[in-house]
Amino acid sequence: LGSPPVTIVVTSEADTWDIDTSSCLGCGQFVDWDKMPEPQQAAQMPQDALERPPKELKRLAREGCWGWSPAGRARLYPRLIQRVSCRLVTPDALVYRDVAARLFGKPSVSCHPLPEFLEGCPMPTYCLNPHGVTALKKILICVGALFPDITHSPLLPALAALLLHYSEDEAQCFESVSRLIASNAPHAGYIDQSFLAHQASCMTFGDLANKHCPAAHRLIASAADNVLEVYSEWLSWLFPGLPFAYAVRVLDVFLLEGQKVLYRIALALLKQFRLSLAPAGLQGSDIKAELQAFVRNIAQHVTVDKLLERAFGIRLFSRKEIWLLQMANRKALMERGITVVQRRPSFHLAVDMQNFSSSTVTAQEMRLVWSWIPERFSLFPPLLLFSTSRDGCSLQRFYTCCEGYEPTVLLIKTTEGEVCGAFLSSDWSERKKNGATSGFFGTGECFVFTVRPEAERYEWVFIKKPELAKAVPRSPSPAAGPRLGPSRDSRSSSPNHLAVPSPQRRGRLSPFLAVRHFLLPSKTASMFMSGSRDGIVIGKGG
């Protein structure tokens, strides 16, 4: 596509910015047009595009109809952002002009402290000329002055830089950024504004990658000591990682659809990264560096149209369900001591498995198992509740030791040396709710796995194919309710997925989220595990 490498300014805590306003007066244009890639031949945007239904508008954005000229985006972006629902008192262009006049009013060089939220964050300048870089710094300084609650926001500088390419002046760019910061649309945020929120998003991406990119996730778990550390860079794969021509196409859909789009595209990049390695595998030991290098050279592997097509082919959960997952991850971080005002973690978040000792699995095998469980639980070190070598082989003793804890990981070693197990999202005490009968409980986060001879995870089939839930008949009574087992439906048959014919009421959240960690009613739980005096059941059938 002829995109030049993305220019990045890396800031440190001691940085200050010198703003020379004498050179900016009347400059008008912020773009170095020699660096701008040639616009691709794209379908013309209809004149009444913004009056089209939302679904049609999304289709136009995804297909690149906005990219026929920079002027087209310059007209569309402000109008789209004006539609964003935001707080009643949101600084606009007039406020920016007033604040900028006080801060940079005199035609001279002035020195300003680095905005707190930029500490250690990359600031891509893309195709901005020197006047544009100065304007970008001024906008970010004013954002820091008018939004003092923002303490950490890696996305913000890249977003402001991209919008500045298509803004008529600094004030218009500031107002666009301001509205995205102040968005109050339910479950549809645009910009994380604290380390807590950003890290919760990273954990949520890790959860999604775990489920939607199992091959890439397995590769990362085997190559990296800290999987979360790799996923904590997911946003930088997009901004500033992607070339300008790709980044601006991502921006097209992001302004319409919010953060969920970023998850989609990062997952598509991760899938493509794994495909690009076959069959050679990793070239070096630094998987983070290899991922960044892959993204920088993405044009050698896939076109931007094909990347977006694959991204929107991924069947994610709803925006609300992803938001609930983020809130659960945020709660787990707060339990680990991360606060809203904290800029950086004061300790290492990952669990160190080097000191893990077990006669059932090795530390390396346990690290793989730990990478499979939801991110909000993997923050905490494993606690041994029950072991046959210590507690004997009584099933009642097993229940007594495990009750009161959730979630739990069950590891089983056979007499032949094979190792298998399960991740169990619910407390074993829930089996008592049905009296003496063997009742099923649990949620769609449950899964079974093997470690030896082959490492493989077997998930609930609806996680991969949520559309199947809509076609399942309603069960007439709890007694005749669903049980975990292989699907007999050809649409869902798969050697590494389990299916539950679970009744789905219209408007109800996926049973994947039906667990008290999400503060949802217990009656939404599904049936994935069972325990009685005779034995335990996790899954069913072959």
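Let's start with Gly442. This glycine sits in the loop between β7 and β8. Keep in mind that we are looking at a predicted model. Is Gly442 buried or exposed? Its relative accessibility is 0%, so Gly442 counts as buried. Its C-alpha lies 9.9 Å from that of Pro407, and those two residues are 35 apart in sequence.

Now the strands on either side of that loop. Take β7 first. β7 belongs to an open sheet of three strands, in the order β7-β11-β12, and the pairing is antiparallel. Which strands stand at the edges? They are β7, residues 440–441, and β12, residues 536–538. Each has a single partner strand, so one side of each is left without a neighbour in the sheet. Strand β11 covers residues 529–531, and three bridges join β11 to β12. One pair to find on screen is Gly531 with its bridge partner Ile536 in β12.

On the other side of the loop is β8, residues 447–452. β8 pairs with β6 in the antiparallel sense, over five bridges. Look for Ala422, which stands opposite Val448 in β8.

β6 has another neighbour. Strand β5, residues 408–413, runs antiparallel to β6, and six bridges join the two. Here Thr408 stands opposite Leu424 of β6. β5 and β6 form a hairpin with five residues between the strands. In that hairpin, Gly417 takes a positive phi near 90 degrees. Why call β6 largely enclosed? Because five of its six residues, in the stretch 419–424, are buried.

Next, the helices. The protein has 20 helices and 12 strands. I'll pick a few.

Start with α11, residues 244–257. Its 14 residues should span 20 Å at 1.5 Å a residue, and the end C-alpha atoms are 20 Å apart, which agrees. How many of its residues are buried? The count is 13 of 14, so α11 is mostly covered. Just after the helix, Gly258 takes a positive phi of about 80 degrees.

One partner of α11 is α1, residues 54–62. Two packed helices are described by the angle between their axes and the distance between the axes. For α1 and α11, the angle is about 165 degrees and the axes are 9 Å apart. That makes α1 roughly antiparallel to α11. The crossing is left-handed. From α1, the contact uses Leu57, Lys58, Ala61 and Arg62. From α11, it uses Arg249, Asp252, Val253, Leu256 and Glu257.

α11 also brings us to a loop residue, Tyr166. Tyr166 is in the loop between α5, residues 155–164, and α6, residues 170–181. At a relative accessible area of 5%, Tyr166 is buried. What does Tyr166 touch? Leaving out residues up to four places away in sequence, the list is Met36, Pro70, Arg73, Ala74, Tyr77, Gln172, Phe244 and Val248. Arg75 is 91 residues away along the chain, yet its C-alpha is 8.2 Å from that of Tyr166.

Now α15, residues 319–335. This helix has 17 residues. It reaches 25 Å from first C-alpha to last, close to the 24 Å expected. Its buried residues are Glu321, Ile322, Leu324, Leu325, Gln326, Ala328, Asn329, Ala332 and Leu333. What covers them? The cover includes α7, α12 and α17. Just after α15, Gly337 takes a positive phi of about 100 degrees.

Two of those covering helices also pack on each other. The axes of α7 and α12 come within 10 Å and cross at roughly 50 degrees. That makes α7 oblique to α12. This crossing is right-handed. α7 brings Ser201, Thr204, Phe205, Leu208, Ala209 and His212 to the contact. α12 brings Gln259, Tyr263, Ala266, Leu267, Leu270 and Lys271.

Last, the whole protein. Of its 542 residues, 53% count as buried. Take the contacts with a separation of 6 or more: residues 24 or more positions apart account for 76% of them. Tyr166 and Arg75 showed us one pair 91 residues apart along the chain.

Notes: Residues numbered from 1 in each chain as written. Predicted model: local features only at pLDDT ≥ 70, side-chain atom pairs only at ≥ 80, totals over all residues. Heavy atoms only, no water. Helix = DSSP H or I, 4+ residues; strand = E, 2+ residues; numbered from the N terminus. Expected span 1.5 Å × (residues − 1). Buried < 20%, exposed > 50% of the residue type's maximum accessible area, 1.4 Å probe, protein only. Contact = heavy atoms within 4.5 Å. Pairing = 2+ DSSP bridges. Axes fitted to C-alpha atoms, helices over the stretch in contact; angles between N-to-C directions. Parallel < 35°, antiparallel > 145°, perpendicular 65-115°, else oblique. Left-handed = near helix turned anticlockwise from the far one by under 90°.
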